[in-house]
Amino acid sequence: MRISWDTGTRFYPEGVSQGVLYPQNSPGVAWNGLISVTEKGDASSNPLYFDGQKYQEDSVLSEFDGTVVAFTYPDEFEQYNGITKGLTAQKRKSFGLCYRDNNKLHIVYNASAAPSSDQYNSLSDTPNPVAFSWDISTVPMDIPAARPTPHLVIVLAQANTAALAELEALLYGDDANDPSLPDPLTVISIFESNTTLRITDNGDGSWTASGPDSVVFMTGTDSFQINWSSAVLIDSDTYTVYSL
C-alpha cells in the first residue's frame, strides 16, 4: 500500500504546566511560575575507521539533561538551589520533578540544579520580572528490562485512563494522601495492572497476548486476531504490539 501524508490526527508538544517539585523525604509541592523546560539532546555517534575508511558508526548512549526557566520557585527549592538558612553556596541535594505539555506527562528523578546568573535591574514604568534559570543534570534510575534512565514519559493520548488517574493521584495527591514521587517500578506496575491488552515476552522467542474476548480472539485452530489500538499492522507480515 502506498503511503499517504496529512491524513491522520496531528500531535505535537505545546506548553508546560502542572509542574511539581518533589523534595527529599517530604510531600511534593506545586511549582508555579514555570516558563519552560528544555530537554537537551546530547546523543552522538562514534565513527570507526579502518585503513582510512569509515566502516561503522556506533551510537553513544545519551543522558538526560535540561534547563528549567521560571519566574518563581517553591520555598522548598531553596536547599536544591544551594541556599540554606539564607547562606548561599551550600551543598545541593537531588530532587524529583514532574511537568506536562499538552501531549505528554514527564517524570524526572535524581535531578540536580545549577543556577545561572541572575540580573536585577532598576525599576521602571515597564515591569521586567527576573526569570530564574537552572541547568538540570540527573543520575539514572534502574528500569526493569531496559537501560537505566532518570526520565519517564507517558503519552497522554495512549495511556489507559484508569492507570493515568491512579498515577496522577500519587503525583498530585488526593483527599487521603499527599503528593509523592513514585519510583519507576511503581509507575510501570500501575500501567501493567490496568492494561486491557497484556503482551508477555516468554523469553524463548515467543510471546503471549491476553485480554478480553473482544480484544484477543481465535480466528482458526492455529490463528488469532488482536483488535486493540496498540496492535498496529505495518504490512501483511509485520506488525507492532504492546501492552495497553
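**Salt bridges and one cavity**

Okay, let's start with Asp 135: this residue counts as partly exposed, at 39% relative accessibility. In these terms, buried means under 20% relative accessible area, exposed means over 50%, and partly exposed is in between, using a 1.4 Å probe and protein chains only.

A quick word on what we're looking at. This is a predicted model, where local features need pLDDT of at least 70 and side-chain atom pairs count only at pLDDT 80 or more, while totals for chains, interfaces and linings use all residues. Residues are numbered from 1 along each chain as its sequence is written, and side-chain values use heavy atoms, with hydrogens and water left out.

So who does Asp 135 pair up with? Its salt-bridge partner is Lys 40, and the closest N and O atoms are 3.4 Å apart. That pair links distant parts of the chain, 95 residues apart: Lys 40 sits in strand 3 (residues 34-40) and Asp 135 in strand 9 (residues 132-138). Strands here are DSSP runs of E, at least two residues, and helices are runs of H or I, at least four, numbered from the N terminus. Lys 40 is partly exposed too, at 40%.

By a salt bridge I mean a side-chain nitrogen of Lys or Arg within 4 Å of a carboxyl oxygen of Asp or Glu. That rule gives three of them.

Next up, Arg 100 and Glu 168 form a salt bridge, with their closest N and O atoms 2.9 Å apart. This one joins strand 7 (residues 95-100), home of Arg 100, to helix 1 (residues 161-172), home of Glu 168, and the two are 68 residues apart. Is Arg 100 buried or exposed? Buried, at 11%, whereas Glu 168 is partly exposed at 21%.

Then there's Glu 192 with Arg 198, 2.9 Å from N to O.

Now for empty space. A cavity is a set of points on a 1 Å grid over the protein atoms alone where a 1.4 Å probe fits but can't get out, and lining residues have an atom within 4 Å of a point. How many cavities of 30 Å³ or more turn up? Just one. The largest cavity has a volume of about 40 Å³, volume being the space filled by probe spheres set on the points, which are joined across faces, edges and corners. Its lining includes Val 37, Phe 64, Thr 67 and Ile 136. Strand 6 gives the most to that lining, three residues.

Thanks, everyone!

Terms used: 1 Å grid on protein atoms, 1.4 Å probe; cavity = no way out; pocket = protein on both sides within 12 Å on 5 of 7 lines; lining within 4 Å.
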